[in-house]
Each structure stands twice: as structure tokens, then as C-alpha cells.
Amino acid sequence: MFAGQESPLDYNSVELLKKPNISTMGFMLSKTMDQNFRKQQEFMALNSRLQLERQIQMQNQMRERQMAMQIAWSREFLKYYGTFFGLATLGLTAGALRRKRPGLFAPVVPLSFILAYQLDLAYGTLMQRIKGEAEEIMAVERDLLELPNGTPTFESIEKARRIQSHLFIEK
């Protein structure tokens, strides 16, 4: 130490370190608050993850329900279309035989393609083939999936919202 300078730890500061005081109590309080803050951050991160997992699960269940509704609709449609096809085929065949005009039987050909498509959609493997084709597009032809003007941003959505809200305010 230089002459005339006091040591950085003089008597008063040593005494303060020996006794619990406001500064050491503040340090202990700060340490506890930091621990609580970290626990709160961990809880918030866990809660966010749980919320995201629930949203993903909910969206997947909604997608499954929509697919089930589409397949059920196809099966119901097939019942009506199958009945129509059967009656039309019988009527056209009877008319073609009775009038000896095979041209009356011609509409049965395109109607049979529609029936085959509906059967494949309702009870066949069409949905699996569509899924496979979609996976192939997502893997190989990703550029086909890009939206015009790119993915919407917060700014673009907010700009459109402001424009639309001004339209409602002016009216």
C-alpha cells in the first residue's frame, strides 16, 4: 500500500461483512428471487411446450375428423350413385336391346368410370395413393407448395387488418 492510503477493507467494511445487514440480506433476497425467477421461466417454458403439444394434437384430431367425414360422405354418395348407375344401366341396356340401337348403351361407359372412382374413394386405396403422391410432392416438388408473395408475415397481416378496419370505420 502507498503511504497515506487506507486498505480497501477498512475496519468499517470488515465489521459490515461480519454482521448481517441490509446489503447481505439484499444479496440473499436477490439470490432467492433469481431462483424463483428461474423456476418461473422453467414453468413457463414447460407450459408453452404443453400448450403447443395440445394445439398440435387438436389440429390432428380435427384433420382426422374431416377426413373421416369426407370418406363417410363418399360412401353415402356411392350408395345413391350406385343405385342411379344400376337403374340407368338396366334402362339403357333394355332400350338398346329393344330398339336394336347399341348407341343407347354408350352413356354406361363414362358412368362406369365415375362409379369405379367412387368405389375406390369410398372403399379402395385411393386415399393412400393420394397421401403417397402428396408426400412425394412435399419431398421432391417443394417449390409447387410456395404461396404467391411468400408466407404471410405479421406485418402483411397487420397492414391488411388496418386497411380493412379503416373500411369498417368509414362506413
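# Why the labels fit

User: In this predicted model, the side chains of arginine 129 and aspartate 120 meet at 2.2 Å, N to O. Why is that called a salt bridge?

Analyst: The cut-off is a Lys or Arg side-chain nitrogen within 4 Å of a carboxyl oxygen of Asp or Glu. Arginine 129 and aspartate 120 are at 2.2 Å, so the pair counts as a salt bridge.

User: And is arginine 129 buried, exposed or something in between?

Analyst: Arginine 129 has a relative accessible area of 45%. Buried needs under 20% and exposed needs over 50%, so 45% makes arginine 129 partly exposed.

User: How many salt bridges does the rule give altogether?

Analyst: The count comes to five. Glu158, Arg161 and Arg162 are linked in a network of them. In helix 2, arginine 49 and glutamate 53 form a salt bridge too, at 3.1 Å from N to O. These two sit four residues apart, about one turn of the helix.

User: What makes arginine 49 and glutamate 53 get different exposure labels?

Analyst: Check each value against the 50% mark. Arginine 49 has 55%, which is over 50%, so arginine 49 is exposed. Glutamate 53 has 40%, which falls between 20% and 50%, so glutamate 53 is partly exposed.

User: What about lysine 79 and glutamate 76: why does that pair pass as a salt bridge?

Analyst: Their closest N and O atoms are 3.5 Å apart, which is within 4 Å, so the pair passes. Both residues lie in helix 2, three residues apart, about one turn. Glutamate 76 is partly exposed at 36%. Glutamate 76 and alanine 122 are 46 residues apart in sequence, with 8.6 Å between their C-alpha atoms.

User: Alanine 122 again later, maybe? Which residues does serine 74 touch beyond its neighbours in sequence?

Analyst: Setting aside neighbours within four places, serine 74 is in contact with Gln118, Leu121 and Ala122. Serine 74 is in helix 2 as well.

User: How do you know whether serine 74 is buried or exposed?

Analyst: Its relative accessible area is 1%, and buried means under 20%, so serine 74 is buried. Across the protein, buried residues make up 12% of the 171 residues.

User: Now the rings. How many aromatic pairs are there, and what makes phenylalanine 77 and tyrosine 81 one of them?

Analyst: The count is three aromatic pairs. For phenylalanine 77 and tyrosine 81, the ring centres are 6.0 Å apart, and the limit is 6.5 Å, so they pair. Their planes are at 15 degrees, under the 30-degree mark, so the pair is stacked. Both are in helix 2, four residues apart, about one turn of the helix.

User: Why is the pair of tyrosine 81 and phenylalanine 84 called tilted?

Analyst: The centres of tyrosine 81 and phenylalanine 84 are 5.9 Å apart, and the planes are 50 degrees apart. Stacked needs under 30 degrees and edge-to-face needs over 60, so 50 degrees lands in tilted. These two are three residues apart in helix 2, so about one helical turn separates them.

User: What else joins in, and which of these rings are buried or partly exposed?

Analyst: Trp73, Phe77, Tyr81 and Phe84 form one aromatic cluster. Tyrosine 81 has 9%, under 20%, so tyrosine 81 is buried. Phenylalanine 77 has 32%, so it is partly exposed. Phenylalanine 84 has 45%, which also makes it partly exposed.

User: What makes Met138, Leu144 and Leu145 worth pointing at?

Analyst: Those three make a nonpolar surface patch of about 310 Å². Methionine 138 is in helix 4 (residues 126-140). A patch residue needs over 30% relative accessible area, and methionine 138 has 47%, so it clears that bar.

User: Zooming out, what is the pattern of helices and strands?

Analyst: There are five helices and zero strands, which reads α-α-α-α-α along the sequence.

User: And what is the predictor's confidence in the model?

Analyst: The average pLDDT is 84, and 81% of the residues score at least 70. Over residues 5-14 the pLDDT is below 50, and that stretch has five contacts beyond near neighbours in sequence.

Technical notes: Residues numbered from 1 in each chain as written. Predicted model: local features only at pLDDT ≥ 70, side-chain atom pairs only at ≥ 80, totals over all residues. Heavy atoms only, no water. Patch = residues over 30% accessible without salt bridge, like charges linked within 9 Å, V, L, I, M, F, W, Y side chains within 5 Å. Areas by Shrake-Rupley, 256 points an atom, 1.4 Å probe, with all protein chains shown as cover. Buried < 20%, exposed > 50% of the residue type's maximum accessible area, 1.4 Å probe, protein only. pLDDT = per-residue confidence, 0-100. Contact = heavy atoms within 4.5 Å.
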